[in-house]
Amino acid sequence: TTKMDKEIKMGYCIGIDVSKKRLDVDKLGKPMEVNNDELGITSLIGELTLLLNQGQLDLVLCEASGGYEQKLLRACHVNGIPIHLVHANNIKYFSRSKGIKAKTDKLDAKTISAYGNERKPEPDIFYLNETSEKIRLMLKRREQLIADKRREVCRLDKIENLDILEMIKAHIEWLDKSIKDIGGKLLDLKKSDDVKESHALLKSIPGIGDLLANYLIAFLPELGKLSHKALAALVGVAPFNHDSGEHQGKRFIQGGRSKLRQLLYMAAMTSIKWNMPLQSAYSTANRSSIPLQIDH
């Protein structure tokens, strides 16, 4: 911990360990706790704003925590406080490299601070606007309802009790109605001024329908703002090298935004039939037995 304390004093990064009910904050080497609710986050934002104005804050860092970090991220973004969402694996391997074996919320916050001071990551850029964030939430809820319906449908042929069977059928009807209602809300949201133009542009591409256009707007807001190589890496379709010396291994893809990748795959299969440039590129790639590469 002495070595960790010295590292923390090297910079002005504040680490926050996020849990369901609490935020453990390493405030420049001093532990601090606030509730993970509106009142607690408001008080924390006040502290962070004061440090930022005094030139004692470069960056706030926190890990993804199953969605419990979203209120903090949104509050920092709205109040102009630079924040970076760290991948949990980065903190885990950094902690191992420092020989830290113990684990507590306070120690995690201190480790996140040390990671920020040593690695100095850039603040995150928030590309989502208000409407695209609403679309994102609606799509997530739609996925949950579809998963629930799939489970209920799978139970139908296993149930012999008529009362339970009627309950399941009624639940499926409710799920169908809820999914349809979300579809209506998505239709209304796509007409909003801040996404209308993007939605229409995406829909003009053969093979992209309303659903995929919504997913691209909500889950790939970097589209049009980053290079095609960076976007490919974000989605998880950029092949990684696996070479050593004279050995050239097979290229592979990993990570990325899996749901988006699944939808893009289905769209690509459709586009191969109707989009002639893609069809030609796909046929050429198959004939030469090389991975398909399309330069935009």
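Of the 296 residues in this chain, 34% count as buried (under 20% relative accessible area, with exposed over 50% and partly exposed in between, using a 1.4 Å probe and protein chains only). The model is predicted, so to speak up front: local features need pLDDT of at least 70, side-chain atom pairs count only at pLDDT 80 or more, and totals for chains, interfaces and linings use all residues. Residues are numbered from 1 along each chain as its sequence is written, and side-chain values use heavy atoms, with hydrogens and water left out.

**Exercise 1. Get your bearings: how many helices and strands does the chain have?**

Solution.
- Step one: tally the secondary structure, which gives twelve helices and seven strands. Here helices (H or I, at least four residues) and strands (E, at least two) are DSSP runs, numbered from the N terminus.
- Step two: box up the C-alpha atoms along the principal axes, and you get roughly 65 × 60 × 45 Å.
- Step three: look at contacts (heavy atoms within 4.5 Å) with a separation of 6 or more; residues 24 or more positions apart account for 55% of them.

**Exercise 2. Work out how helix H8 sits against helix H9.**

Solution.
- Step one: recall that two packed helices are described by the angle between their axes and the distance between the axes.
- Step two: take H8 (residues 193-203) and H9 (residues 210-219); their axes come within 9 Å and cross at roughly 130°. That makes H8 oblique to H9. For the cut-offs, under 35 degrees is roughly parallel, over 145 roughly antiparallel, 65 to 115 roughly perpendicular, and the rest oblique. The axes are lines fitted to C-alpha atoms, for helices over the stretch in contact, and angles run from 0 to 180 degrees between N-to-C directions.
- Step three: list who meets whom. From H8 come Val195, Ser198, His199, Leu202 and Lys203, and from H9 Asp210, Ala213, Asn214, Leu216 and Ile217. Sorted by type, the residues of this contact are five nonpolar, three polar and two charged.

**Exercise 3. Zoom in on Asn214: is it buried or exposed?**

Solution.
- Step one: find Asn214 in helix H9.
- Step two: check its relative accessible area, which is 4%, so Asn214 is buried.
- Step three: look for partners beyond four places in sequence; Asn214 is in contact with Ile135, Leu139, Leu186, Lys190 and His199.
- Step four: single out His199, whose side chain is joined to that of Asn214 by a polar contact of 3.5 Å (a pair of N or O atoms within 3.5 Å; within protein, one must be able to donate a hydrogen and the other to accept it, and residues adjacent in sequence count only if both atoms are side-chain atoms).

**Exercise 4. Now do the H6 and H7 pair: what is the angle between them?**

Solution.
- Step one: H6 and H7 (residues 162-189) pack at about 160°, with axes 9 Å apart. That makes H6 roughly antiparallel to H7.
- Step two: the contact residues split into 14 nonpolar, three polar and nine charged.

**Exercise 5. Explain what stands out about the phi angles of Leu28 and Lys120.**

Solution.
- Step one: remember that most residues other than glycine have a negative phi.
- Step two: Leu28 has a positive phi near 55°. Leu28 sits in the loop between strand S2 (22-27) and strand S3 (30-35), and is partly exposed at 27% relative accessible area.
- Step three: Lys120, also not a glycine, has a positive phi of about 50°. Lys120 lies in the loop between helix H5 (105-119) and helix H6 (130-155), and counts as exposed at 55% relative accessibility.

Conventions:
Ala, Val, Leu, Ile, Met, Phe, Trp, Tyr, Cys and Pro count as nonpolar, Asp, Glu, Lys and Arg as charged, and the others, Gly among them, as polar.
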